[in-house]
Amino acid sequence: MPQRVFIKDLKDHKDREVTIKGWMFNKRGSGKIFFLQLRDGSGVTQGIVFKNDVSEEVFALAEALTMESSVIITGLVTAHPKQEDTYELQIRDIEVVQMVDEEYPISKKEHGTSFLLDNRHLWLRSSKQIIIQRVRNTIINSIYKYLNNNGFIKIDSPIFTPNACEGTTELFEVEYFDEGSAYLSQSGQLYLEAAIFGVGRCFDFGPVFRAEKSKTRRHLTEFWMMDAEAAFVEHEENMEIQEDLIIYVVEEVLKRNLRDLKTLERDIEPLKKIKKPFIRMTHKEAVDKLRKMGSDITHDMDLGGDDETILTKEFDKPIFIEKYPAEVKAFYMKRDPKDENLSLCADLLAPEGYGEIIGGSEREADYETLLKRIKEHELPIEPFNWYLDLRKYGSVPHSGFGIGLERLTGWICGRKHIRETIPFPRTIKRLTP
Ligand code: 4AD
Ligand code: MG
């Protein structure tokens, strides 16, 4: 058998005979010629079977081949006569690994989203879904690369935790032997705050869980978060790190997945405009602006999804909304020294109507103040004793932020609903497949 190659590398094997291993996802033709659409995970190509070029058995196999059958194909690599940078296979031999004998449930016709989600285990093979996962992979890798190059090391935070990070109403509770209840992590932030005293700057990247009753295109009950935390970084610098990180990620995707974005029909012009500086406005300014635009939001309220949508359609760059009223934000946020009612925080909203992709803040570093906040939020003190300890032994100003991977991927891929950006979405009403 000739050398086995990946479809993405066909360009390096022009005019040579090679073997590929994969699946047939579509077929046209009849009579004397068949065009097989082939996929191997690295890419797609077209295999051409001429009746005159192959044995009768091979031609009969091509004729019989059904959608999603797995195959080992040998053929001559040729340049596509019309499309630049596209290579095809003039098929010589076909070996069937498994012939599918049932009709493949996902056909070319339009399916409803709920049907596709029920068949997510198969839907993941569809070309756009493969691409979304590829872009997601670039985003993950570029986040690692950026952070590692900028002095952040990866610290893995636990998933079973004794305490809430982001509010007690959204906790998944599980029984934990004789210890009573444990909660699935909502964010590794508090643990990273402990780690910075050793390593200075760090990040985690893993699944987090929110028993949130929100049924919106932006919410999952299980999603992937990257939390970053840095010692001696204050509010301003925290935003600058986020700005540089997002710019880097977008550049990497534009470099590595340009063709993918085109296949997704993602307009790349808005992505090319993601440059420094991002827009900064305070929560107060945002509310004033939103009220002028017809929203009934008031100054003591968090921004709603609709508010974020209309605001981010106004600008072609991401927007930092700073200094929310402390009342709507988490207990650990440091207050603005200029106005104690505000938190030294910022949410980063992605443009084109996408909304919040990052939540971050400077952290309260003073023991007594933090203790007061925990009490004000009516949280139990005991599970936070270790967290309070951090303010006793060499406390320093520090800040951090958390990126929602699915929201970031959704924006960059231009997908309306974030459930398409995670391989197996978990929402209030979905646990299968
Ligand atoms: O804004 P959040 O709740 O912030 C935190 O959890 C902080 N502890 C992070 C930190 O400072 N280290 O969540 C961070 C991000 C949001 O901006 C959003 O992108 C995403 O996580 N997110 C969700 N994504 C999908 N489904 C949900 N239910 C989400 N909730 C938050
Ligand atoms: Mg948030």
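Where is the place of Pro433? Pro433 is found in the segment after helix H13. The points below concern a predicted model.

1. Cis peptide bonds. The bond that leads from Thr432 into Pro433 is cis, and its omega is near 0 degrees. A cis bond also joins Lys276 to Pro277, here with omega near -10 degrees. Pro277 belongs to the loop between helix H8 (269-272) and strand E12 (279-282), whereas Pro433 belongs to the segment after H13.

2. Backbone at Asp15. Although Asp15 is not a glycine, its phi is positive, at about 65 degrees. Asp15 sits in the segment before strand E1 (17-30).

3. Surroundings of ligand 1. There are 24 residues around ligand 1, and those that come nearest are Glu166, Gln189, Arg210, Asp227 and Glu356. Three strands each supply at least two residues of this shell: E11 (222-231), E17 (355-362) and E18 (398-404). Divided by class, the shell around ligand 1 holds nine nonpolar, seven polar and eight charged residues.

4. Polar contacts of ligand 1. A polar backbone atom of Ile357 lies 2.9 Å from an oxygen atom of ligand 1. A nitrogen atom of ligand 1 is 3.3 Å from a backbone N or O atom of Phe401. With Tyr332 the side chain is involved: one of its polar atoms is 3.4 Å from a nitrogen atom of ligand 1. Ligand 1 taken alone exposes 620 Å², and 94% of that area is buried by the protein.

5. The pocket that holds ligand 1. Ligand 1 takes up space in the second largest pocket, which contains about 1100 Å³. Its lining comprises 46 residues, and Glu166, Glu170, Arg210, Lys329 and Glu356 lie nearest the centre of the pocket. Two or more lining residues come from each of E11, helix H10 (305-313), E17, E18 and helix H13 (405-413). Strand E17 gives the most to this lining, namely five residues. The lining of the second largest pocket has 18 nonpolar, 13 polar and 15 charged residues.

6. Residues to inspect in both lists. Glu166, Arg210 and Glu356 are among the residues that come nearest to ligand 1, and Glu166, Arg210 and Glu356 are also among those nearest the centre of the second largest pocket. Glu356 appears again in the lining of the largest cavity, as does Ile357, whose backbone is 2.9 Å from an oxygen atom of ligand 1.

7. The largest cavity. The count of cavities of 30 Å³ or more is two. The largest cavity has a volume of about 70 Å³. Its lining consists of Arg217, Arg218, Tyr354, Glu356, Ile357, Arg407, Gly410, Trp411, Arg415, Lys416, His417 and Ile418. E17 and H13 are the elements that give two or more residues to this lining, and H13 gives the most, with three. By class, the lining of the largest cavity has four nonpolar, two polar and six charged residues.

8. The second largest cavity. What residue classes line the second largest cavity? Four of the lining residues are nonpolar and five are polar, with no charged residue present. The residues in question are Thr161, Asn163, Ala164, Cys165, Ser185, Gln186, Ser187, Leu190 and Tyr191. The space in the second largest cavity is about 40 Å³. For the largest cavity, by contrast, six charged residues are counted in the lining.

9. Elements that recur. Strand E17 supplies at least two residues of the shell around ligand 1, gives five residues to the lining of the second largest pocket, and is one of the elements giving two or more residues to the lining of the largest cavity. Helix H13 gives two or more residues to the lining of the second largest pocket and three to that of the largest cavity.

Key:
Residues are numbered from 1 along each chain as its sequence is written. Chains are lettered from A and ligands numbered from 1 in the order in which they are written. This is a predicted model: local features need pLDDT of at least 70, side-chain atom pairs count only at pLDDT 80 or more; totals for chains, interfaces and linings use all residues. Side-chain values use heavy atoms; hydrogens and water are left out. A residue is near a molecule or strand if one of its heavy atoms lies within 4 Å of it. A polar contact is a pair of N or O atoms within 3.5 Å; within protein, one must be able to donate a hydrogen and the other to accept it, and residues adjacent in sequence count only if both atoms are side-chain atoms. Accessible areas come from the Shrake-Rupley method with a 1.4 Å probe; for residues, only the protein chains shown count as cover. On a 1 Å grid over the protein atoms alone, a cavity is a set of points where a 1.4 Å probe fits but cannot get out, and a pocket is an open set with protein on both sides within 12 Å along at least five of seven lines; lining residues have an atom within 4 Å of a point. A molecule sits in a cavity or pocket if more than half of its atoms lie within 2 Å of its grid points. Helices (H or I, at least four residues) and strands (E, at least two) are DSSP runs, numbered from the N terminus. Ala, Val, Leu, Ile, Met, Phe, Trp, Tyr, Cys and Pro count as nonpolar, Asp, Glu, Lys and Arg as charged, and the others, Gly among them, as polar. Grid points are joined across faces, edges and corners, and a volume is the space filled by probe spheres set on the points.
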